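Here are some notes for a colleague who has not looked at this structure before. Please read them with the model open.

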Amino acid sequence: MVFYCVKCREKKDTEEFEKVTLKNGRPACKAKCPDCGTGMFKIVAA
Ligand SMILES: [Zn+2]
């Protein structure tokens, strides 16, 4: 899945992500940037 890293300001493609639910109940995916380790989030369509 492709995530956007705000620190690298680049899109990162990673297979290592986990599904999470945000506080507002929306499903999202969480991953770590393979280059800098910054957490990346992505809202997924319900
Ligand atoms: Zn990064």
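1. This is a predicted model. A good place to begin is the hairpin formed by strand 4 and strand 5, with six residues between the two strands. Gly37 lies in the turn and has a positive phi of about 85 degrees.

2. The two strands of the hairpin run antiparallel: strand 4 covers residues 27–32, strand 5 covers residues 39–43, and five bridges join them. One residue pair to look at is Ala31 with Met40, its bridge partner in strand 5.

3. Next, the metal site. The zinc ion is coordinated by the SG atoms of Cys5, Cys8, Cys33 and Cys36, at 2.2 to 2.4 Å. Along the sequence, these donor residues follow the spacing C-x2-C-x24-C-x2-C.

4. The angles subtended by the four donor atoms around the zinc ion are 103 to 116 degrees, so the arrangement is tetrahedral. For four tetrahedral donors the ideal angle is 109.5 degrees.

5. Two of the donors can be described by their accessibility. Cys33 counts as buried because its relative accessibility is 3%. Cys36 has a relative accessible area of 33%, so Cys36 is partly exposed.

6. The largest nonpolar core consists of six residues, namely Phe3, Cys5, Cys29, Ala31, Cys33 and Met40. Strand 1 (2–5) and strand 4 are the elements that give two or more residues to this core. Cys5 and Cys33 of the core also coordinate the zinc ion.

7. Finally, Phe3. Leaving out residues up to four places away in sequence, Phe3 touches Cys29, Ala31 and Met40, among others. Its contacts also include Glu10, Lys11, Lys12, Thr14 and Phe17.

Terms used:
Residues numbered from 1 in each chain as written. Predicted model: local features only at pLDDT ≥ 70, side-chain atom pairs only at ≥ 80, totals over all residues. Heavy atoms only, no water. Pairing = 2+ DSSP bridges. Helix = DSSP H or I, 4+ residues; strand = E, 2+ residues; numbered from the N terminus. Donors = N, O, S within 2.8 Å, 3.2 Å for Na, K, Ca; no water. Tetrahedral: all angles 85-135°; square planar, octahedral: opposite > 155°, others 65-115°. Buried < 20%, exposed > 50% of the residue type's maximum accessible area, 1.4 Å probe, protein only. Core = buried A, V, L, I, M, F, W, Y, C linked by side-chain atoms within 4.5 Å. Contact = heavy atoms within 4.5 Å.
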